[in-house]
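Q: Could you take a close look at one part of this chain for me? I'd like the charged side chains that pair up, and then how that part sits in the rest.

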Amino acid sequence: MESANTLLMALVYLGAGVLSVPIAQRLGLGSVLGYLVAGTLIGPSVLALVGDQGSVMHFAEFGVVIMLFLIGLEVQPSLLWSMRTAFFGLGGVQVLLTGIVLAAVGVAAGVDWHAAVALGFILSLSSTAVVLQTLEEKGLRKTPTGAAAQGILLFQDVAIIPMIALLPLLAMPEDGAAVVRNAGLMTGYPAWMRTCAVALAVLTVIAVGRYLMRPAFRYIAQTRSREIFTAMALLLVVAVSLLMEAVGLSAALGAFLAGVVLADSEFRREIEGDIEPFRGLLLGLFFMSVGASLDLALAAAHAGLLAAVVLGLMVLKALVVYVVARLFGIPARTAAQTGAALGQGGEFAFVLLGLAAGANVVGEEMAALATAAVAISMALTPFALIAFDRLAARGFSSEPEPEKGVLEGSPDVIVAGFGRFGQIAARLLIVNHFKISTLEVSAEQVALVRRFGRRVYYGDATRLDLLRAAGAADARLLIVAIDDRDQAEVLVELATQYFPNLTILARAYDRRHAYRLLQKGAHIIEREMFEGGLAMGQKALKSLGVPHEQAVLAATSFRKHDEEMIALLAQSWGDEERFTVAFRESNARMDQLLAADVEEAARAAAEPAKAVAD
């Protein structure tokens, strides 16, 4: 009976998500709001298809842990430095100033200062999921607005960690006694011992991540077992989370720390791709649990207060972002648009509000109202940007502003395969100041190349999720340099289907492989032995006494006619009989053209000699 109830609940959650999320995305509201609406509909306040959310929420919070692990993987020193103005400047000042302003408003409204400070900084966070998706749908991701918003959001994601750690310090006394913070296995021990345990746990995570995890991932990668690789990544997240909880820290903090330690690892892309589905599924369950937990009766009873809180939150946050952006020299239109985009509360507010209520920092009713306000503000974000578009022409110039280069993470070229062939092409691009993103499926090759200071990531480029993570949606070129012929064709076909923005240059094993790659959608092909064989033939001509200019001309002529022949024969590839006839005709024609070019070159070389003799 219990298993039947579990299956029924799973059916309800999955059905609600499948029905609500596509509708929300079609309306431009994003998947997060779809999950929230789905949870609200199946929750006790509406259809009552599910009951208490305690056990479900406890399980679903692991999705938040995984999200923080993935955020940690993105916190690379090089990335933060390239975004230093948006990250440290805009992001840091925005969180601090917004938190202070909202806390001051709360105190002025009669809220206890402990709760006001907690709510102020919790509500200073914006929704990464809603903002990025909305900017993407409006084509603003690569504009100055998108760059500023992403820098602020990244800082907010990192700021979650100290907020989680510091929230218990704001706990209000109960019956005159101070609330004792849970210290896990160290509860009851002296403060200095708990501090030493925390320091030892952090150092252990850093040491294990640096010196044990990379060899372990390298060993598992050599087995080519994707399931075990995924299990290893999840094992790391769970183990570090448990270790942090054992010493009194949050599981989310441990996951974030583990991600930061592996941020420069060559396996970062593969780990991201393997864990992403778990994050999406568990976060969806988490947001549905939040929606099901919303007390609509309480919200209706305080409708006026709730409306004032939502409006005040969005206006105050937008104004603070505008002021901060202007202080950093961002034009007025971009600053206002960024403010409109970041005016809502964030998905991590649901987590932090739960922690604040559990630690007795914020009352249960106040936390419930704040949760409802955050959800409503997230739903209003697309409409806030629509309102901005309508009003912008009146107060701001509508001319697009030049890209300031705040974000520099998008690659120009993706190189799939970093063996001898791919390295040569990649080095030529790098020395000409193009940004490249690399993927190599051989763990041994990745280790070897990294030993010599080259940045290359382990991963199978034929996986759509890894191509996206490598930046395929923004890149201009894809160089297919992998030596597995079948996989090369799979990659070309995949890239052609999902990334029409890419010009595809592919390495071909031979002439027949070249035809197949062209048929799959490659724009330019290069047979791996062609140029080497042609160069050898040119040197052979010179060794046999042919003048240098004539040898170069012969090689150039051969290359030109061969490329024309490849393009011509590609049209009949697939029809064996037609192709065979066309090949024979083209081959004979090419021999005639080459012979004619040689005779022409010989005549041209003889004429100056004859003129000198005369």
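A: Here's a walk through the salt bridges first, then the surroundings.

Quick ground rules: this is a predicted model, where local features need pLDDT of at least 70, side-chain atom pairs count only at pLDDT 80 or more, and totals for chains, interfaces and linings use all residues. Residues are numbered from 1 along each chain as its sequence is written, and side-chain values use heavy atoms, with hydrogens and water left out.

Take a salt bridge to be a side-chain nitrogen of Lys or Arg within 4 Å of a carboxyl oxygen of Asp or Glu. By that rule the count is two. One of them joins Glu489 and Arg516, at 2.7 Å from N to O. Glu489 sits in helix H21 (residues 485-498) and Arg516 in helix H22 (residues 511-520), so the pair links distant parts of the chain, 27 residues apart. Helices here are DSSP runs (H or I, at least four residues), strands are E runs of at least two, and both are numbered from the N terminus.

The other bridge is Lys520 with Glu493, at 3.7 Å from N to O. Here Lys520 belongs to helix H22 and Glu493 to helix H21, again 27 residues apart.

How covered are these side chains? Buried means under 20% relative accessible area, exposed over 50%, and partly exposed in between (1.4 Å probe, protein chains only). Glu489 is buried at 10%, while its partner Arg516 is partly exposed at 26%. In the other bridge, Lys520 is partly exposed at 30%, and Glu493 is partly exposed at 41%.

Then there's a charge over a ring: Arg485 lies over the face of Tyr509, 3.8 Å from the ring centre. The test is NZ of Lys or CZ of Arg within 6 Å of the ring centre and within 35 degrees of the ring normal.

Asp412 is the odd one: buried, yet without a salt bridge, with Arg476 as the nearest side chain of opposite charge, 4.0 Å away. For charges, Lys and Arg count as positive, Asp and Glu as negative, and His and the chain ends are not counted. Asp412 is in the loop between helix H17 (364-395) and strand S1 (413-416). Skipping residues up to four places away in sequence, Asp412 touches Phe434, Lys435, Ala475, Arg476 and Leu477, where contact means heavy atoms within 4.5 Å.

Now the nonpolar side. A nonpolar core is a set of buried Ala, Val, Leu, Ile, Met, Phe, Trp, Tyr and Cys residues joined through side-chain atoms within 4.5 Å. The largest one has 95 residues, and Leu36, Phe69 and Phe217 are among those with the most contacts inside it. Helix H3 (residues 54-74) gives the most to this core, nine residues. Apart from it lies another core of 28 residues, including Ala470, Val492, Leu517 and Ile525.

A search of the whole structure turns up one aromatic pair. It is Phe217 with Phe229, tilted, at 5.2 Å centre to centre and 45 degrees between the planes. Rings of Phe, Tyr and Trp (its six-membered ring) pair if their centres lie within 6.5 Å, with planes under 30 degrees apart called stacked, over 60 edge-to-face and the rest tilted. Phe217 is buried at 0%, and Phe229 is buried at 2%.

Zooming out, the chain has 25 helices and six strands, and 46% of its 614 residues are buried.
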